[in-house]
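Work through the exercises below with the sequence and the 3D view side by side, and try each task before reading its solution.

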Amino acid sequence: MRVAEGGVEIEAPEQPEAGAGDAVFFNPVQELNRDLTVAVLRAYREREDRATSYLDATAATGIRGVRAAADGWDVTCCDVDPDAVALCEGNLERNSLEGSVVQRDVNALLHEDVFDVVDLDPFGTPIPFADAAIQGTRDLLCVTATDTAPLCGAHFMPGVRRYSTVPRNTEYHAEMGVRVLLSALVRTAARYDVALRPLCTHATKHYVRTYLELERSASAANDAIEELGYVHHCEHCLYRESQSGLIADPPDWCPQCDEGIQTAGPIWLGETAEADFLARVADHVDEEFGTAETARDLLATLGDELAVPTHYDQHRLCKRWGRSAGPMDAFLDALRAADYPASRTHYGGTTFKTTADVSAIRTATAPE
(Lines give C-alpha, C1' and ligand atoms only; values in the text may rest on other atoms or scores of the structure.)
Protein backbone atom coordinates (compact mmCIF):
# COMPACT_ATOMS: atom_id res chain seq x y z
CA MET A 1 0.00 0.00 0.00
CA ARG A 2 1.07 3.61 -0.60
CA VAL A 3 1.36 5.89 2.44
CA ALA A 4 1.66 9.69 2.22
CA GLU A 5 3.04 11.26 5.38
CA GLY A 6 4.92 14.45 6.19
CA GLY A 7 5.52 15.40 2.56
CA VAL A 8 6.88 12.00 1.46
CA GLU A 9 5.28 8.91 -0.02
CA ILE A 10 6.36 5.38 0.78
CA GLU A 11 5.41 1.85 -0.09
CA ALA A 12 4.42 -0.18 2.98
CA PRO A 13 3.13 -3.73 3.37
CA GLU A 14 -0.40 -4.34 4.50
CA GLN A 15 -0.47 -4.77 8.28
CA PRO A 16 0.28 -8.43 9.03
CA GLU A 17 -2.17 -10.69 10.78
CA ALA A 18 -1.55 -11.41 14.46
CA GLY A 19 1.19 -14.00 14.76
CA ALA A 20 2.54 -13.27 11.28
CA GLY A 21 6.08 -13.56 12.59
CA ASP A 22 8.89 -11.42 11.23
CA ALA A 23 6.94 -9.63 8.48
CA VAL A 24 7.98 -6.01 7.89
CA PHE A 25 5.63 -3.87 9.94
CA PHE A 26 4.31 -0.34 9.37
CA ASN A 27 2.28 1.22 12.18
CA PRO A 28 0.02 4.11 11.08
CA VAL A 29 -0.77 4.87 14.76
CA GLN A 30 2.82 6.04 15.18
CA GLU A 31 2.35 9.04 12.88
CA LEU A 32 2.37 11.41 15.87
CA ASN A 33 5.62 9.80 17.02
CA ARG A 34 7.17 10.33 13.59
CA ASP A 35 5.87 13.90 13.21
CA LEU A 36 7.35 14.80 16.58
CA THR A 37 10.61 13.13 15.61
CA VAL A 38 11.01 15.42 12.60
CA ALA A 39 10.24 18.48 14.75
CA VAL A 40 12.71 17.32 17.42
CA LEU A 41 15.41 16.77 14.81
CA ARG A 42 14.90 20.29 13.49
CA ALA A 43 15.06 21.80 16.98
CA TYR A 44 18.10 19.72 17.86
CA ARG A 45 19.96 20.78 14.71
CA GLU A 46 19.63 24.37 15.99
CA ARG A 47 20.94 23.27 19.39
CA GLU A 48 23.88 21.30 17.97
CA ASP A 49 24.69 22.50 14.45
CA ARG A 50 27.44 19.92 13.90
CA ALA A 51 24.85 17.09 14.03
CA THR A 52 24.29 15.87 10.46
CA SER A 53 24.13 12.06 10.42
CA TYR A 54 21.01 10.06 11.35
CA LEU A 55 20.64 6.30 11.75
CA ASP A 56 17.23 4.69 11.40
CA ALA A 57 18.39 1.72 13.42
CA THR A 58 15.51 -0.73 12.99
CA ALA A 59 14.19 0.70 9.78
CA ALA A 60 11.44 -1.67 8.52
CA THR A 61 9.85 0.44 5.71
CA GLY A 62 12.38 3.22 6.32
CA ILE A 63 9.67 5.83 6.90
CA ARG A 64 11.70 7.57 9.62
CA GLY A 65 14.84 7.59 7.54
CA VAL A 66 12.99 8.83 4.45
CA ARG A 67 11.42 11.70 6.38
CA ALA A 68 14.78 12.60 7.95
CA ALA A 69 16.47 12.52 4.52
CA ALA A 70 13.75 14.79 3.13
CA ASP A 71 14.63 17.19 5.93
CA GLY A 72 18.30 17.31 4.99
CA TRP A 73 19.89 14.67 7.23
CA ASP A 74 22.63 12.32 6.07
CA VAL A 75 20.62 9.13 6.55
CA THR A 76 21.52 5.48 7.03
CA CYS A 77 18.74 2.88 7.26
CA CYS A 78 19.61 -0.45 8.86
CA ASP A 79 17.63 -3.67 9.12
CA VAL A 80 18.45 -7.40 9.16
CA ASP A 81 15.42 -8.29 7.03
CA PRO A 82 16.13 -8.33 3.25
CA ASP A 83 12.51 -7.35 2.53
CA ALA A 84 12.91 -4.32 4.79
CA VAL A 85 16.16 -3.37 3.06
CA ALA A 86 14.45 -3.54 -0.34
CA LEU A 87 11.60 -1.35 0.93
CA CYS A 88 14.01 1.22 2.34
CA GLU A 89 15.94 1.41 -0.93
CA GLY A 90 12.75 1.73 -2.94
CA ASN A 91 11.25 4.35 -0.63
CA LEU A 92 14.34 6.56 -0.76
CA GLU A 93 14.41 6.25 -4.56
CA ARG A 94 10.66 6.90 -4.80
CA ASN A 95 11.19 10.27 -3.13
CA SER A 96 14.41 11.06 -5.07
CA LEU A 97 16.40 11.10 -1.84
CA GLU A 98 19.98 10.12 -1.06
CA GLY A 99 20.72 7.67 1.74
CA SER A 100 22.59 4.51 2.67
CA VAL A 101 20.77 1.25 3.32
CA VAL A 102 22.55 -1.65 5.03
CA GLN A 103 21.40 -5.18 5.78
CA ARG A 104 23.03 -5.74 9.12
CA ASP A 105 22.47 -6.49 12.79
CA VAL A 106 22.30 -2.93 14.08
CA ASN A 107 24.22 -3.85 17.23
CA ALA A 108 27.19 -4.83 15.07
CA LEU A 109 26.89 -1.64 13.03
CA LEU A 110 26.79 0.56 16.14
CA HIS A 111 29.90 -1.12 17.55
CA GLU A 112 31.77 -0.18 14.37
CA ASP A 113 30.42 3.25 13.45
CA VAL A 114 29.17 6.40 15.18
CA PHE A 115 26.20 8.57 14.19
CA ASP A 116 25.21 11.99 15.48
CA VAL A 117 21.61 10.84 15.98
CA VAL A 118 20.48 7.25 16.48
CA ASP A 119 16.78 6.37 16.37
CA LEU A 120 15.70 3.09 18.00
CA ASP A 121 12.10 2.19 17.19
CA PRO A 122 12.00 -1.61 17.50
CA PHE A 123 9.03 -3.86 18.03
CA GLY A 124 8.78 -4.27 21.82
CA THR A 125 11.65 -3.43 24.13
CA PRO A 126 14.66 -1.37 22.99
CA ILE A 127 16.92 -2.78 25.72
CA PRO A 128 18.70 -5.38 23.49
CA PHE A 129 20.01 -2.44 21.45
CA ALA A 130 20.76 0.00 24.29
CA ASP A 131 24.43 -0.81 24.97
CA ALA A 132 25.44 -0.59 21.31
CA ALA A 133 23.29 2.49 20.69
CA ILE A 134 24.85 4.44 23.56
CA GLN A 135 28.33 3.60 22.28
CA GLY A 136 27.42 4.43 18.68
CA THR A 137 25.61 7.73 19.32
CA ARG A 138 27.48 11.02 19.38
CA ASP A 139 24.75 13.52 20.30
CA LEU A 140 21.09 12.44 20.43
CA LEU A 141 19.50 9.04 21.13
CA CYS A 142 15.82 8.65 20.22
CA VAL A 143 14.10 5.60 21.75
CA THR A 144 10.65 4.05 21.49
CA ALA A 145 9.41 1.24 23.75
CA THR A 146 6.13 -0.48 22.91
CA ASP A 147 6.20 -3.12 25.66
CA THR A 148 4.19 -0.96 28.05
CA ALA A 149 2.82 -3.85 30.12
CA PRO A 150 6.30 -4.86 31.40
CA LEU A 151 7.32 -1.20 31.75
CA CYS A 152 4.41 -0.30 34.00
CA GLY A 153 4.43 -3.52 36.03
CA ALA A 154 1.28 -5.11 34.59
CA HIS A 155 3.56 -7.95 33.40
CA PHE A 156 5.78 -7.91 36.44
CA MET A 157 8.55 -10.45 35.83
CA PRO A 158 9.20 -9.42 32.19
CA GLY A 159 9.55 -5.87 33.52
CA VAL A 160 12.04 -7.02 36.15
CA ARG A 161 14.05 -9.05 33.64
CA ARG A 162 14.18 -6.49 30.84
CA TYR A 163 14.65 -3.32 32.83
CA SER A 164 16.53 -4.56 35.93
CA THR A 165 14.12 -2.81 38.25
CA VAL A 166 10.93 -3.43 40.21
CA PRO A 167 7.99 -1.89 38.33
CA ARG A 168 4.61 -1.52 40.01
CA ASN A 169 1.20 -1.51 38.35
CA THR A 170 -0.33 1.64 39.84
CA GLU A 171 -2.97 4.11 38.64
CA TYR A 172 -0.08 6.23 37.36
CA HIS A 173 1.04 3.35 35.16
CA ALA A 174 2.06 5.55 32.20
CA GLU A 175 4.31 7.62 34.44
CA MET A 176 5.77 4.41 35.85
CA GLY A 177 6.55 3.20 32.33
CA VAL A 178 8.32 6.44 31.43
CA ARG A 179 10.48 6.38 34.53
CA VAL A 180 11.32 2.67 34.36
CA LEU A 181 12.53 3.13 30.76
CA LEU A 182 14.59 6.22 31.59
CA SER A 183 16.11 4.50 34.61
CA ALA A 184 17.23 1.51 32.54
CA LEU A 185 18.73 3.69 29.82
CA VAL A 186 20.50 6.01 32.27
CA ARG A 187 22.01 3.07 34.16
CA THR A 188 23.12 1.46 30.89
CA ALA A 189 24.79 4.68 29.75
CA ALA A 190 26.53 5.21 33.09
CA ARG A 191 28.44 1.95 32.60
CA TYR A 192 30.26 3.70 29.76
CA ASP A 193 30.76 7.00 31.65
CA VAL A 194 27.94 8.59 29.64
CA ALA A 195 25.16 10.76 31.01
CA LEU A 196 21.75 10.88 29.34
CA ARG A 197 19.66 14.04 29.62
CA PRO A 198 15.96 13.76 28.61
CA LEU A 199 14.95 16.58 26.25
CA CYS A 200 11.45 15.32 25.46
CA THR A 201 9.56 12.27 26.72
CA HIS A 202 5.94 11.20 26.31
CA ALA A 203 3.75 8.12 26.74
CA THR A 204 1.12 7.98 24.01
CA LYS A 205 -1.10 5.24 22.57
CA HIS A 206 0.62 2.28 24.20
CA TYR A 207 4.22 3.36 23.68
CA VAL A 208 6.84 5.47 25.42
CA ARG A 209 9.07 7.77 23.37
CA THR A 210 12.10 9.67 24.67
CA TYR A 211 14.84 11.85 23.19
CA LEU A 212 18.09 11.83 25.16
CA GLU A 213 21.13 14.06 24.78
CA LEU A 214 24.47 12.40 25.53
CA GLU A 215 27.32 13.82 27.57
CA ARG A 216 30.47 11.71 27.74
CA SER A 217 31.73 12.46 31.23
CA ALA A 218 32.12 10.25 34.30
CA SER A 219 31.15 13.10 36.62
CA ALA A 220 28.03 13.84 34.54
CA ALA A 221 27.14 10.13 34.62
CA ASN A 222 27.49 10.24 38.42
CA ASP A 223 25.09 13.19 38.51
CA ALA A 224 22.60 11.26 36.38
CA ILE A 225 22.75 8.27 38.73
CA GLU A 226 21.86 10.60 41.59
CA GLU A 227 18.53 11.27 39.85
CA LEU A 228 17.50 7.64 40.44
CA GLY A 229 15.45 6.44 43.37
CA TYR A 230 12.23 4.80 44.50
CA VAL A 231 8.52 5.44 44.89
CA HIS A 232 6.74 4.00 47.91
CA HIS A 233 3.02 3.55 47.26
CA CYS A 234 -0.05 2.62 49.29
CA GLU A 235 -2.72 0.90 47.22
CA HIS A 236 -5.29 1.39 49.99
CA CYS A 237 -5.36 5.20 50.30
CA LEU A 238 -3.15 6.10 47.27
CA TYR A 239 -0.52 7.83 49.40
CA ARG A 240 2.91 7.86 47.76
CA GLU A 241 6.34 9.31 48.43
CA SER A 242 9.61 9.29 46.52
CA GLN A 243 13.10 8.60 47.85
CA SER A 244 16.39 9.38 46.13
CA GLY A 245 19.30 6.94 46.16
CA LEU A 246 20.11 3.42 45.03
CA ILE A 247 19.24 1.72 48.33
CA ALA A 248 15.53 1.52 49.09
CA ASP A 249 14.39 2.39 52.61
CA PRO A 250 10.59 2.08 52.50
CA PRO A 251 8.38 2.82 55.48
CA ASP A 252 7.04 -0.27 57.23
CA TRP A 253 3.46 0.98 56.95
CA CYS A 254 1.60 3.74 55.18
CA PRO A 255 1.94 6.90 57.33
CA GLN A 256 -1.66 7.88 56.55
CA CYS A 257 -3.68 4.66 56.85
CA ASP A 258 -1.31 2.05 58.39
CA GLU A 259 -1.75 -0.32 55.42
CA GLY A 260 1.11 -2.02 53.58
CA ILE A 261 3.47 -0.20 51.22
CA GLN A 262 4.70 -1.27 47.76
CA THR A 263 8.04 -0.01 46.45
CA ALA A 264 9.02 0.55 42.80
CA GLY A 265 12.53 1.19 41.61
CA PRO A 266 15.12 2.16 40.94
CA ILE A 267 13.26 4.56 38.63
CA TRP A 268 14.18 7.93 37.17
CA LEU A 269 13.03 10.71 39.53
CA GLY A 270 14.39 13.68 37.56
CA GLU A 271 12.88 15.82 34.83
CA THR A 272 11.69 13.97 31.74
CA ALA A 273 11.90 16.98 29.39
CA GLU A 274 13.35 20.47 29.01
CA ALA A 275 10.62 23.10 28.73
CA ASP A 276 12.70 25.47 26.58
CA PHE A 277 13.53 22.68 24.15
CA LEU A 278 9.87 21.65 23.94
CA ALA A 279 8.95 25.21 22.94
CA ARG A 280 11.53 25.11 20.15
CA VAL A 281 10.18 21.74 18.99
CA ALA A 282 6.68 23.24 18.82
CA ASP A 283 8.00 25.98 16.53
CA HIS A 284 9.06 23.26 14.08
CA VAL A 285 5.72 21.43 13.87
CA ASP A 286 4.56 22.04 10.29
CA GLU A 287 0.97 22.38 9.16
CA GLU A 288 1.72 19.59 6.65
CA PHE A 289 2.05 17.15 9.55
CA GLY A 290 -1.03 14.99 9.86
CA THR A 291 -0.93 15.32 13.64
CA ALA A 292 0.11 19.01 13.85
CA GLU A 293 -2.63 20.13 16.24
CA THR A 294 -2.23 17.07 18.49
CA ALA A 295 1.55 17.49 18.51
CA ARG A 296 1.37 21.15 19.55
CA ASP A 297 -1.16 20.38 22.29
CA LEU A 298 1.04 17.55 23.58
CA LEU A 299 4.16 19.71 23.62
CA ALA A 300 2.34 22.52 25.45
CA THR A 301 1.07 20.11 28.10
CA LEU A 302 4.52 18.55 28.49
CA GLY A 303 6.05 22.00 28.92
CA ASP A 304 3.68 22.85 31.78
CA GLU A 305 3.82 19.43 33.48
CA LEU A 306 5.36 19.34 36.95
CA ALA A 307 8.53 17.28 37.29
CA VAL A 308 7.19 14.95 39.98
CA PRO A 309 7.42 11.17 39.52
CA THR A 310 3.75 10.23 39.99
CA HIS A 311 0.33 11.58 39.09
CA TYR A 312 -3.25 11.28 40.34
CA ASP A 313 -6.56 10.72 38.58
CA GLN A 314 -9.24 13.17 39.72
CA HIS A 315 -12.12 10.80 38.95
CA ARG A 316 -10.54 7.93 40.83
CA LEU A 317 -9.91 10.12 43.87
CA CYS A 318 -13.42 11.59 43.89
CA LYS A 319 -15.01 8.16 43.54
CA ARG A 320 -12.94 6.96 46.47
CA TRP A 321 -14.05 9.98 48.52
CA GLY A 322 -17.71 9.54 47.58
CA ARG A 323 -18.13 12.85 45.81
CA SER A 324 -18.65 13.93 42.23
CA ALA A 325 -15.76 15.21 40.17
CA GLY A 326 -16.19 18.83 39.15
CA PRO A 327 -14.42 20.68 36.32
CA MET A 328 -10.67 19.95 36.18
CA ASP A 329 -9.68 23.61 35.97
CA ALA A 330 -11.59 24.44 39.16
CA PHE A 331 -10.09 21.39 40.88
CA LEU A 332 -6.54 22.44 40.02
CA ASP A 333 -7.26 26.08 40.92
CA ALA A 334 -8.33 24.93 44.39
CA LEU A 335 -4.99 23.16 44.85
CA ARG A 336 -3.07 26.23 43.72
CA ALA A 337 -5.13 28.45 46.01
CA ALA A 338 -3.96 26.23 48.87
CA ASP A 339 -0.34 26.92 47.80
CA TYR A 340 0.24 23.54 46.12
CA PRO A 341 1.71 23.59 42.60
CA ALA A 342 -0.51 21.58 40.24
CA SER A 343 -0.58 20.79 36.54
CA ARG A 344 -2.41 18.66 34.05
CA THR A 345 -0.54 15.71 32.58
CA HIS A 346 -0.35 14.48 29.00
CA TYR A 347 -1.62 11.06 30.05
CA GLY A 348 -5.33 11.90 30.11
CA GLY A 349 -7.96 14.56 30.64
CA THR A 350 -8.50 13.79 34.33
CA THR A 351 -4.90 13.16 35.41
CA PHE A 352 -2.83 15.75 37.23
CA LYS A 353 0.41 16.27 39.12
CA THR A 354 0.90 18.11 42.37
CA THR A 355 3.29 18.31 45.30
CA ALA A 356 0.36 17.84 47.71
CA ASP A 357 -0.17 14.42 49.27
CA VAL A 358 -3.51 12.68 48.91
CA SER A 359 -4.81 13.97 52.26
CA ALA A 360 -3.96 17.56 51.35
CA ILE A 361 -5.59 17.15 47.94
CA ARG A 362 -8.80 15.97 49.58
CA THR A 363 -8.86 18.90 51.97
CA ALA A 364 -7.93 21.56 49.44
CA THR A 365 -10.51 20.48 46.88
CA ALA A 366 -13.42 19.73 49.27
CA PRO A 367 -16.70 21.35 48.21
CA GLU A 368 -17.66 24.34 50.33
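Three exercises follow, each with a worked solution, and they concern a predicted model.

**Exercise 1.** Describe how helix α1 and helix α2 pack against each other.

Solution. Begin by locating α1 at residues 31-47 and α2 at residues 63-70, whose axes lie 10 Å apart and meet at an angle of about 35°. Next, take the handedness of the crossing of α1 and α2, which is right-handed. Then look at the contact itself, where Asn33, Arg34, Asp35, Thr37, Val38 and Leu41 of α1 meet Ile63, Arg64, Arg67 and Ala68 of α2. Finally, sort the residues of this contact by character, which gives 4 nonpolar, 2 polar and 4 charged.

**Exercise 2.** Explain why Cys77 and Cys142 form no disulfide.

Solution. A disulfide requires two cysteine sulfur atoms within 2.5 Å. For Cys77, the closest cysteine sulfur belongs to Cys88 and is 4.5 Å away, so the distance is too far for a bond. For Cys142, the closest cysteine sulfur is in Cys200 at 9.8 Å, which is also too far for a bond. The structure as a whole holds 0 disulfides.

**Exercise 3.** Trace the order of the strands in the open sheet and find its edges.

Solution. Follow the 7 strands in the order β5-β4-β3-β6-β7-β9-β8, noting that their pairing is mixed. The edges are β5 (100-103) and β8 (194-204), because each has a single partner strand, and one side of each is therefore left without a neighbour in the sheet. At the β5 edge, β4 (residues 74-79) pairs with β5 in the parallel sense over 4 bridges, and Gln103 in β5 is the bridge partner of Asp79.

Notes: Residues are numbered from 1 along each chain as its sequence is written. This is a predicted model: local features need pLDDT of at least 70, side-chain atom pairs count only at pLDDT 80 or more; totals for chains, interfaces and linings use all residues. Side-chain values use heavy atoms; hydrogens and water are left out. Axes are lines fitted to C-alpha atoms, for helices over the stretch in contact, and angles run from 0 to 180 degrees between N-to-C directions. Helices (H or I, at least four residues) and strands (E, at least two) are DSSP runs, numbered from the N terminus. A crossing is left-handed if the near helix is turned anticlockwise from the far one by less than a right angle, and right-handed if clockwise. Contact means heavy atoms within 4.5 Å. Ala, Val, Leu, Ile, Met, Phe, Trp, Tyr, Cys and Pro count as nonpolar, Asp, Glu, Lys and Arg as charged, and the others, Gly among them, as polar. Two strands pair if DSSP finds at least two bridges between them.
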